[in-house]
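Trainee: I have the entry open on my screen. Can we go through it piece by piece?
Mentor: Go ahead and load it.
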Amino acid sequence: MRIRARKAALNEAASPLLAVGLYRDESAPAALNGAADDALSDNDFSGKPDETALLYPKDAISAERLLLISLGDRASFTHEKLRRTAATVSRKARSLKLDEAAFTLPVPEGSDIEEAALAAAEGVALGLYRFTRHKTGSGEDARELEAFDLILDDPADEEAASHGAETGARLAAAALLARDLANEPSNVATPEYLAQTAREIAERHGMTITVLDRAGIETEGLTGLATVGRSAINEPRFIVLEHRKGGDAAPVVIVGKAVTFDSGGISIKPAGGMEDMKFDMGGGAAVLGVMETVGTLDLPINVVALVPSTENLPGGGAFKPGDVLEMHSGKTVEIISTDAEGRLILADALSYARRYEPSAVVDCATLTGACIVALGNHASGLMGNDEDLIAEVQTAGETAGERAWPLPLFDEYTEQIKGDTADIKNSARPAGALTAGAFLKEFADYPWAHLDIAGTAFGKKGNAYTPKGATGNPARTLVRFLMGRAENGEDA
Ligand code: BES
Ligand code: MN
Ligand code: ZN
């Protein structure tokens, strides 16, 4: 699908569908400059939130159809609302089985054309997403929109808008790859499947790739990963993907939990809803999506992606509650629950990251049900050991429309995970999201931030651009974060 930007007068924009957004204070006939007088009377469109009206004006305009869509109050119109509006327009065009659509680009107050075009392009690309790979005979339903035009007032804006739209499409591509990987069932998206995806990303963008198999993981001393993966027939993998375009500056390391299926192991989960645990690799999926976009944007920065990947299954060889592990860092961990497996594989990845002497490490993981209790599906939990880095990640998330909210890592939470038999234990209640964060903190001795995405990486249908299933969160947050670092030369 192509997203283009061009100047056109409202009545001259030729398209099978022209969408026009209206703020609450605008009267439709006036804003449309008479273009729809023959198709709309004063009260047909009142501008309620999310209201749309599809009109077939006879001769007044070049477009075959006119879609009015409300933008709400002018002062509270944001990039996030624009993303959702653009998604609604593109989905409406597809449901009408059109090949093309156009949308007069509304620019939020205080924003610029480039950022507005970026947000609109993200909304279009994310909104049209569907995961149909395993549906046979989808036929006519599989029709896709081919082109989406952002209509501008001023031809001088074309370059900035085109550039914004291009960047938006690439940001969206990170989330779309993450969605595709996470939506795949665990019999397809195995640790080796993720490794193969990483190899293809490396090949496309000239990155360095290292994949450790079970033997390599054991030799490297990644005990947490080796232990969680011990009873699975689909072998674990440790994926290391390096993008080196920032000279000899210290790299940023991004880490993603990739448990391709989390049954809980011996501390087995209840059957109801267990199918959702195919999404327990959402963090790793996002990290791979990010690297694909880091490659297409060719960001002038050094980035290392670490993706520990395994299944968590019960079996005769499985690890058990009460077991003690000596982790990659040398710390010992007492297993309270084999279902607290994510922090075990992440701890080893965080410890592995030390060799890069990173300027910052950000991990993302579908880590705790407790984080969903705290924040629901509307924000990721954000923790860490560096206030500036936490603020930087929070801002990146806000910009991306992927909210992350800071949660505390007080020393008392570290107290809670003190071990009886070993240094620390892998589970402690209450405050499960924070004791998990406190556990990870034990392995991070550099500026570090942690995103608990249990409530945001997948779910029921959210807004116009987040379908049921995988959301791709926090791929765009991390790309934005890295774009910020590349721009500020913090890494160069
Ligand atoms: N993958 C789960 C967390 C999760 C739960 C993600 C629901 C998404 C939706 C994680 O491995 C887990 O099982 N966490 C346990 C930890 C507990 C045993 C300390 C949890 O949250 O219950
Ligand atoms: Mn678990
Ligand atoms: Zn898990």
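Trainee: Starting with a helix, which side chain does the side chain of Glu166 join in a polar contact?
Mentor: The side chain of Arg170, at 3.0 Å. Keep in mind throughout that this is a predicted model.
Trainee: Where is Glu166 found?
Mentor: In helix α4, which covers residues 158-183.
Trainee: And what lies 7.2 Å from Glu166 in space, C-alpha to C-alpha?
Mentor: Leu118, although 48 residues separate Leu118 and Glu166 in sequence.
Trainee: Why does Glu166 count as partly exposed?
Mentor: Its relative accessibility is 40%, and the partly exposed class runs between the 20% and 50% cut-offs.

Trainee: On to the metals. What are the protein donors of the zinc ion, ligand 3?
Mentor: Lys257 through NZ, Asp262 and Asp280 through OD, and Glu341 through OE. They lie 2.0 to 2.4 Å from the zinc ion.
Trainee: What spacing do those donors follow along the chain?
Mentor: For the zinc ion (ligand 3) the pattern is K-x4-D-x17-D-x60-E.
Trainee: Why is the zinc arrangement octahedral?
Mentor: Six donor atoms surround the zinc ion (ligand 3), and the angles they subtend, 77 to 174 degrees, make the arrangement octahedral.
Trainee: Are Lys257 and Asp262 buried or exposed?
Mentor: Lys257 is buried, because its relative accessibility is 2%. Asp262 is buried too, with a relative accessible area of 3%.

Trainee: What does the manganese ion, ligand 2, have as donors?
Mentor: Asp262 (OD), Asp339 (O), Asp339 (OD) and Glu341 (OE) coordinate the manganese ion, at 2.0 to 2.2 Å. Asp339 is listed there with both O and OD.
Trainee: What is the geometry around manganese?
Mentor: Irregular, because the six donor atoms around the manganese ion (ligand 2) subtend angles of 72 to 168 degrees.
Trainee: What bridges the two metals, and how far apart do they lie?
Mentor: Asp262 bridges the manganese ion (ligand 2) and the zinc ion (ligand 3), with 3.2 Å between the ions. Asp262 sits in strand β10, residues 258-262, while Asp339 is in the loop between β13 (332-334) and α9 (342-352). The pair, 77 residues apart, links distant parts of the chain.
Trainee: What about the spacing of the manganese donors?
Mentor: It reads D-x76-D-x1-E along the chain.
Trainee: Is Asp339 buried or partly exposed?
Mentor: Partly exposed, because its relative accessibility is 22%.

Trainee: Switching to ligand 1. How many residues surround it?
Mentor: There are 18 residues around ligand 1, and the closest are Lys269, Asp280, Asp339, Glu341 and Gly369.
Trainee: How does that shell divide by residue type?
Mentor: Five nonpolar, five polar and eight charged residues make up the shell around ligand 1.
Trainee: Which polar pairs can I look at in the viewer?
Mentor: Try three. An oxygen atom of ligand 1 is 2.7 Å from a side-chain N or O atom of Asp339. An oxygen atom of ligand 1 is also 3.2 Å from a side-chain N or O atom of Lys257. On the nitrogen side, a nitrogen atom of ligand 1 is 3.3 Å from a backbone N or O atom of Thr366.
Trainee: How much of ligand 1 does the protein bury?
Mentor: Ligand 1 exposes 520 Å² when taken alone, and the protein buries 85% of that.

Trainee: Last topic, backbone oddities. Which residues does a cis peptide bond join, with omega about -10 degrees?
Mentor: Arg429 and Pro430. Pro430 lies in the loop between β17 (424-425) and α13 (432-441).
Trainee: And which peptide bond is cis with omega near 5 degrees?
Mentor: The one from Asn473 to Pro474. Pro474 is in the loop between β20 (469-470) and α14 (475-487).
Trainee: What is phi at Lys97?
Mentor: Near 60 degrees, a positive value in a residue other than glycine. Lys97 is in the loop between α2 (79-95) and β5 (100-104), and it is partly exposed at 35% relative accessible area.
Trainee: And phi at Glu357?
Mentor: Positive as well, near 45 degrees. Glu357 lies in the loop between α9 and β14 (360-365), and it counts as exposed at 66% relative accessibility.

Notes. Residues numbered from 1 in each chain as written. Chains lettered and ligands numbered in written order. Predicted model: local features only at pLDDT ≥ 70, side-chain atom pairs only at ≥ 80, totals over all residues. Heavy atoms only, no water. Donors = N, O, S within 2.8 Å, 3.2 Å for Na, K, Ca; no water. Tetrahedral: all angles 85-135°; square planar, octahedral: opposite > 155°, others 65-115°. Buried < 20%, exposed > 50% of the residue type's maximum accessible area, 1.4 Å probe, protein only. Near = heavy atom within 4 Å. Polar contact = N/O pair within 3.5 Å; in protein donor to acceptor, adjacent residues only side chain to side chain. Areas by Shrake-Rupley, 256 points an atom, 1.4 Å probe, with all protein chains shown as cover. Nonpolar A, V, L, I, M, F, W, Y, C, P; charged D, E, K, R; others polar. Helix = DSSP H or I, 4+ residues; strand = E, 2+ residues; numbered from the N terminus.
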